[in-house]
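This briefing covers the strand pairing, the helix packing and the burial pattern of one chain. Please keep the sequence and the 3D view open while reading.

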Amino acid sequence: MELSHCQSDERTLTYEQVVKLNAILNRPVELQPPTNGSNFPSLSVTPASLVEEVRQRLDEKKVVIKSIRMNGSAASHCLCEERESENLPPISYNDVDIIFLVPDVYQQEDFNLIKDTVMKSLLKFFPKGINTEKLSTTILEEAYARKMVKIVTPENRWSLVSLGGGSDVSIELKFVAAMKRPFQFTTDSFQIALDSYFSLERCQKVSDDSVRIEPHFFPSVQAVSMYGNYDEALEHLNDRLIHTTDPAKIHGGGLLKYCYLLARGFKPANRDYMAQLEPYMCSRFFIDFQSREQQFSKVLDYAQRYSQPDQSQTFLDTLMDLVFRKARCLMESERQKTIDVICQVKMAIYYQQQFTDVFPHYGFQMSSLYSHHYPLPYNGYSSLRMQLPCSS
């Protein structure tokens, strides 16, 4: 099923929401190469300028783009209501997620062409005076790509290029020909169509009179909920409620995102209903991530999304508790091995903070810690938590 054909429900953004959208798209993001002796420069890029550069280059390559959209936490940030009087967790964003709908892309070679085009697009943002003629796409990937994914199956055809490293925010470009499940929870089911926004941006560049976003004149931007009920999804977002359907159809079961939301202060929209879904989340997670190395990498990625170490520990404690109680698909020994993995992540987060406090200008590659895995001695779940220096 194509992403654009999924059941959806749409609304038009208000002026205030368009202003928030404009701020996100024009906020500079630092693309920084690794700190291990790299001679590559840091690049200051706005999502809007990068998207437009990628669009132009793909157009030159005859890649048909049906629509460009924003989704994820940045889209949720645009659409949520500001309720200062209520004690609710803020809807912030760590990534600017952009979707390019490319319905005519079928082969892995096509996605390779798109990936190379994205990397070549970065050359526009290099400082003047730097010779970029000999910079291959492979070299650019090693310097600026944080993560790259490519999925080509009968039901899913999409790729992802994640760029960032120098700031709290990264830019994630996803190229989607088909996606069976485009959201995990109702609060992340929103997509904002950016085509009218970029049409206005292009008009500004060619018009003698600069066109600005004003209360009486701004682009008509549409937002859709892939969940299928926009009003219900928006209510969940504004009230910080958790709801989903069919977690067994979500890659990873939505388990980590569920614990992430719980740790941030979100509440289940229906506690009994979500409790019934928790075992299915666990089952799908362990189907998709069977090795301890895979589990370590995924859990670490989510734990690093928090700006404060105590928030990371809350997330990990929530995940550990849920695995201990609801991972019925695992034998006792396997469940305890997974708890051991979570504890390894807890220790990695703790020691990263200690290292950063002492050496703030040096990088700390936590992903390499798992190559030296030392199982912690434990005698049951509760005693294991008590042994960690970072446990509350």
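S5 and S8 pair in the parallel sense, over 7 bridges. The model is predicted. Within the S5 and S8 pairing, valine 96 has isoleucine 171 in S8 as its bridge partner.

**Strand S8 and its other neighbour**

- S7 also pairs with S8, in the antiparallel sense and over 7 bridges.
- Serine 159 is placed opposite phenylalanine 175 of S8.
- Strand S8 spans residues 170-178, and 8 of its 9 residues are buried, so the strand is largely enclosed by the rest of the structure.
- Strands of a sheet pair through backbone hydrogen bonds, in either a parallel or an antiparallel arrangement.

**The sheet as a whole**

- The sheet is open and has 8 strands, in the order S1-S10-S9-S4-S5-S8-S7-S6, with mixed pairing.
- Strand S1 (9-12) and strand S6 (145-152) are the edge strands, each pairing on one side only.
- From one strand to the next, the twist averages 20°.
- Strand S9 (residues 190-193) pairs with strand S10 (residues 222-225) in the antiparallel sense, over 3 bridges.
- Phenylalanine 190 has serine 225 in S10 as its bridge partner.

**Helices packed on the sheet**

- Helix H1 (residues 15-25) packs on the sheet and touches S1, strand S4 (67-71), strand S5 (95-101) and S9.
- The direction of H1 makes about 95° with that of S4.
- Helix H5 (residues 137-144) also packs on the sheet, where it touches S6 and strand S7 (157-163).
- The direction of H5 makes about 115° with that of S6.
- The buried residues in H5 are Thr137, Leu140, Glu141, Ala143 and Tyr144.
- These buried residues of H5 pack against strand S2 (29-31), strand S3 (43-45), helix H4 (108-121), S6 and S7.

**Helix H10**

- Helix H10 covers residues 292-303; at 1.5 Å a residue, its 12 residues should span 16 Å, which agrees with the 16 Å between its end C-alpha atoms.
- Gln295, Phe296, Val299, Leu300, Tyr302 and Ala303 are the buried residues of H10.
- Around the axis, these buried residues cover an arc of only 160°, which puts them on the same side of H10.
- An α-helix has 3.6 residues a turn, so residues three or four places apart point the same way.

Technical notes:
Residues numbered from 1 in each chain as written. Predicted model: local features only at pLDDT ≥ 70, side-chain atom pairs only at ≥ 80, totals over all residues. Heavy atoms only, no water. Pairing = 2+ DSSP bridges. Helix = DSSP H or I, 4+ residues; strand = E, 2+ residues; numbered from the N terminus. Axes fitted to C-alpha atoms, helices over the stretch in contact; angles between N-to-C directions. Contact = heavy atoms within 4.5 Å. Buried < 20%, exposed > 50% of the residue type's maximum accessible area, 1.4 Å probe, protein only. Expected span 1.5 Å × (residues − 1). Arc of directions from axis to C-beta.
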